[in-house]
Amino acid sequence: GDGAGEQAPLLRVSEVARVSERGKEGRPLHSLSSSAIAVHPDGDLVLSAGEDGAVFQLQADPAGGVHATRWGGACDWVALADVAFADAGQAFFTAGTSGGLRMWDLSAPGSSKAFSLAGDGSSAPATAVHAFGVHVITGGADGHLAVFDTRHERAPLMVHAAPSPSEGYHSGPVRTIRRGGDGGQRFVSCGGGGAVLSFS
């Protein structure tokens, strides 16, 4: 024909498979919404974090399937908003409602380190996380941005917080933090109040 009325697909997907936990085939991976995924630097491992507080580890098998394994117990008692691998891929970070910012060792399921904004071991709700070298940036439900040295979890190197975007920071939950520009020394974040910030 002359092609009238025909639509070309914008994206062709060669293969789609619903990933389920072993023994629960055909069921969604998370019991509530999945909120974030992180891909290992080597590309062979994916983590999925959800509003059910769970993290699942997804890995391909030699037969071409994908295995999903729940990471320990609940990584957060309420909900997880974000997950990110450390640069070297030996650990990952979660941002959660009740557990705040936590670092997990890939070789030791269930073992984690909590980071405290107050310096007293208490956690503040975290909504976004981005790791770089030995540092990690977290964003909070109240719009703060904090930088930690992963070797000293009780003392953030820097905390940025302000009541309104006009003062330079987010007025609501931080949604995303990414690195880019200036040789990896500049970051951008987006969140409540409609602000998109660039900082170094």
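In what order do the four strands of the open sheet run, and is their pairing parallel or antiparallel? Here are a few notes on this predicted model, starting with that point.

1. The open sheet follows the order β1-β2-β3-β4, and its pairing is antiparallel. At its edges sit β1 (34–39) and β4 (66–70), each of which pairs on one side only. On average, neighbouring strands of this sheet are turned by 25° against each other, direction ignored.

2. For a closer look at this sheet, try β3 (residues 55–60): β3 and β4 are joined by five bridges in the antiparallel sense. Gln 57 has Thr 69 of β4 as its bridge partner.

3. Next, have a look at β11 (residues 145–149), where five of five residues are buried. Leu 145, Val 147 and Asp 149 point one way from the strand, while Ala 146 and Phe 148 point the other way. Note that Asp 149 is among these buried residues.

4. The partners of β11 are worth tracing too. Strand β10 (residues 135–140) runs antiparallel to β11, with five bridges between them, and Thr 138 stands opposite Ala 146. β12 also pairs with β11 in the antiparallel sense, over three bridges; here Ala 146 stands opposite Val 159.

5. The hairpin of β10 and β11 has four residues between its strands, and Gly 143 there takes a positive phi near 95°.

6. Finally, please check His 170, in the loop between β12 (158–160) and β13 (174–179). With a relative accessible area of 0%, His 170 counts as buried, and its side chain makes a polar contact of 2.8 Å with the side chain of Ser 189.

Conventions: Residues numbered from 1 in each chain as written. Predicted model: local features only at pLDDT ≥ 70, side-chain atom pairs only at ≥ 80, totals over all residues. Heavy atoms only, no water. Helix = DSSP H or I, 4+ residues; strand = E, 2+ residues; numbered from the N terminus. Buried < 20%, exposed > 50% of the residue type's maximum accessible area, 1.4 Å probe, protein only. Polar contact = N/O pair within 3.5 Å; in protein donor to acceptor, adjacent residues only side chain to side chain. Pairing = 2+ DSSP bridges. Axes fitted to C-alpha atoms, helices over the stretch in contact; angles between N-to-C directions.
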